Amino acid sequence: MSAHQLAFLVLGVLILVSALMVVTVRNLVHAALFLILCFAGVAGLYVLLQAEFLAVAQVLIYIGAITVLILFGIMLTRKITGGAQPPLASHWKAAGAGAGAFLLLLLYVAMTGQWQVSDQPPMDSTTTLGLALVTRYVLPFELASVVLLAALVGAVLLARDETR
Amino acid sequence: MEYVVMAAKAVVVFALVSGSMPFIVWAERKVMADAQARIGPNRVGPFGILQSFADALKLIFKEDVVPTGIDKRIFYLAPILSIIPALITFAVVPYGGPDLKLFGYPVGYVADLKDVGILYVFAVTTLGVYGIVLAGWASNNKYSLMGALRSSAQMISYEILLGLSIMGVVIGSGSLSLVEIVQAQATPYFGVIPGIWLFAQPLGFLIFLIASLAEANRVPFDLPEAESELVAGFHTEYSSFKFAMFFMAEYINLLTLSGVITTLFLGGWLGPGVDRFPILGVLYFSVKTVALVYFFIWLRATLPRLRYDQLMRFAWKVMLPAALINIFITAYWVAR
Amino acid sequence: MEIPLSWYLILAAILFAVGVYGALARRNAIAILMSIELMLNAVNINLVAFARYVTPRELTGQIFAIFIMMLAAAEAAVGLGLVLTVYRNLRHIQVDEINLLRS
């Protein structure tokens, strides 16, 4: 087993265990912390895949921004001593069965699919991505900024206290 | 072998950065005392230079008070989470040029991430907010929580400014690598003025300076721990060694941010004679960084604290437009 | 290239299934948001893995991953805005108890 494979296995176990904790743990703040761990593992996978820019973007966006937002949400809607209610809905068994069946389908596709693996070396990621975003993908890029603007306005409108 | 060298460099830089922290605290107390016409610490060692070590000993031997009703695991995790990001930023800050070699290995920096460089600094800086938020929340104390929420709102707002204000430097240098950003500052303007980005990007420098003050929770942006309003803010409930860790994180952050500003705007290791004697670069880098630390301490002795609404309004209504204008001007100047 | 592509696909499949389970079984609205982020991450792993193994000279998958990250950020902001509005009106965010329309 090579060092790369070992790193993959370690990261894989880290990602899956922390993901499982996210969906099962009772305390939501702990769940958010496991979510950070999971995101960090995924960033590690990106480094293994030689996508350094995405690895940093993952830390910057997911860990640095989204999870902070989620923590904010948890702190604003819950007391530290709260959370006596069961974390899972009454239909959790059915949900588990559905997710399990879906997993089998995904695994079937992942194992049997034939992909043409290219052996060329990958491009230098940041430069290529930057060029692609302002040439070939410039329209989606501009659309993305419109989506972000809409989300910004929407979030402010939703969260505003209308009594004031 | 490459990794062994990198690990050795990391250990040395780690030791130097955390070892310089007591002296920064001492320097801050001395400079503040001077500014207020006092003498400052002068009993422990010559000029009181060992005062920080005495304080550290005192902190370690104090009783470790653990309040009731807290979330214990997060309470213990928070100080660790706040000190790690402060320490690992220095991994990409070049304190000497690529010519500085020891046994054929470049020792001027721990690692040069060509593709991400400066983005790594921001990614790590954003992690600093977790220590504060979790400390405030786990303490189960309303002053702590309010300090934590204030500080996270402040840090998220000013992170955006940090990112936007260096865009001018990145566009001008054409690289994200910190080593290449410093090298881009080697050519003098008009053959005489040092080619550092401070002169070409004064607006960017000013915004970055203010935003890093806010990011490090320094005066005039030290609202998270505003004593007169919030007791001690997010670390109200912390004592003994856990408090010492927050304290250390704060000062190491100050040093790190000074190092980053030196690299981005003040030409890093560059200075007269560096091409012939690369070891001089380390000296230049240290002098510039220490000068910045002194500047931050001086600010603390001079400025009053901003009010919270002023702070947020200032970030979003003044600094953000200014940073955007700076990007547009730089882009126009480069594209011309 | 010593790691086979299928390893990444299997890992992403399991991660996605965990996310699906969380989104279906959790009661708290914020926990459901977190599960959705897990699913988006699983998708991103697949996209980046395909970009690395199948089209290493174009990186189309990485571009898609960037767009997904951006949409995830927008989704988190709007989602939390919704959650906070619900919390203000009902004082809880348990999705299986939000049934004001039921007579």
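## Chain B: overall make-up

Chain B contains 13 helices and 2 strands. The model is a predicted one. For a chain of 336 residues, a compact globule would have a radius of gyration near 20 Å, and chain B agrees with this, since its own value is 20 Å. Along the principal axes, the C-alpha atoms of chain B occupy a box of roughly 60 × 50 × 45 Å.

Buried residues make up 45% of the 336 residues of chain B. If contacts in chain B are restricted to residues at least 6 apart in sequence, 77% of them link residues at least 24 apart.

## Two arginines in chain B

Arg29(B) sits in helix H1 of chain B, which covers residues 2–35. Is Arg29(B) buried or partly exposed? The count of C-beta neighbours inside 10 Å is 18, so Arg29(B) is classed as partly exposed; the buried class begins at 20. Leaving aside residues up to four places away in sequence, Arg29(B) touches Gly40(B) and Pro41(B). Ile39(B) is 10 residues from Arg29(B) along the chain, and the C-alpha atoms of these two residues are separated by 9.3 Å.

Arg150(B) belongs to helix H5 of chain B. Arg150(B) is buried, because 24 other C-beta atoms lie within 10 Å. From Arg150(B) to Leu161(B) there are 11 residues in sequence and 17 Å in space, taken C-alpha to C-alpha.

## Chain A: overall make-up

Chain A has 6 helices and 0 strands, and read from the N terminus its elements follow the order α-α-α-α-α-α. Chain A is more spread out than a compact globule, because its radius of gyration of 20 Å is well over the 15 Å that the globule rule gives for 164 residues. The box filled by the C-alpha atoms of chain A, taken along the principal axes, is roughly 60 × 40 × 30 Å.

In chain A, 34% of the 164 residues count as buried. For contacts in chain A between residues at least 6 apart in sequence, the share joining residues at least 24 apart is 53%.

## Domains of chain A

The domain assignment splits chain A into domain 1, residues 1–82, and domain 2, residues 126–164. The C-alpha centres of domain 1 and domain 2 of chain A are 23 Å apart.

## Which chains touch

There are 2 pairs of chains in contact, and of these chains A and C share the most contacts. Chain B and chain C do not touch, with 14 Å between their nearest C-alpha atoms.

## Contact between chains A and C

Chain A gives 73 residues to this contact and chain C gives 65 residues. Which elements of chain A supply two or more residues to the side that touches chain C? They are helix H1 (3–24), helix H2 (28–48), helix H3 (52–77), helix H4 (92–112), helix H5 (125–134) and helix H6 (138–159) of chain A. By class, the side of chain A that touches chain C consists of 56 nonpolar, 16 polar and 1 charged residues.

One helix pair in this contact can be described in detail. The axes of H1(A) and helix H1 of chain C, residues 5–25, come within 9 Å and cross at roughly 10 degrees. Angles under 35 degrees count as roughly parallel, and H1(A) and H1(C) are therefore roughly parallel to each other. On the H1(A) side, the residues that meet H1(C) are Phe8(A), Gly12(A), Ile15(A), Leu16(A), Ala19(A), Leu20(A), Val22(A) and Val23(A). Their counterparts in H1(C) are Trp7(C), Leu11(C), Ile14(C), Leu15(C), Val18(C), Tyr21(C) and Gly22(C). The contact of H1(A) with H1(C) comprises 13 nonpolar and 2 polar residues, with no charged ones.

## Contact between chains A and B

The contact of chain B with chain A involves 19 residues from chain B and 16 residues from chain A. Two helices of chain B, H4 (118–138) and H5 (142–165), each provide at least two residues of the side that touches chain A. H4(B) makes the largest contribution to that side, with 9 residues. The side of chain B that touches chain A divides into 13 nonpolar, 4 polar and 2 charged residues.

Note on methods
Residues numbered from 1 in each chain as written. Chains lettered and ligands numbered in written order. Predicted model: local features only at pLDDT ≥ 70, side-chain atom pairs only at ≥ 80, totals over all residues. Contact = placed C-beta atoms within 7 Å. Helix = DSSP H or I, 4+ residues; strand = E, 2+ residues; numbered from the N terminus. Nonpolar A, V, L, I, M, F, W, Y, C, P; charged D, E, K, R; others polar. Rg over C-alpha atoms; globule rule 2.2 N^0.38 Å. Buried ≥ 20, exposed ≤ 12 C-beta atoms within 10 Å, placed from the backbone. Axes fitted to C-alpha atoms, helices over the stretch in contact; angles between N-to-C directions. Parallel < 35°, antiparallel > 145°, perpendicular 65-115°, else oblique. Domains from an automatic or database assignment.
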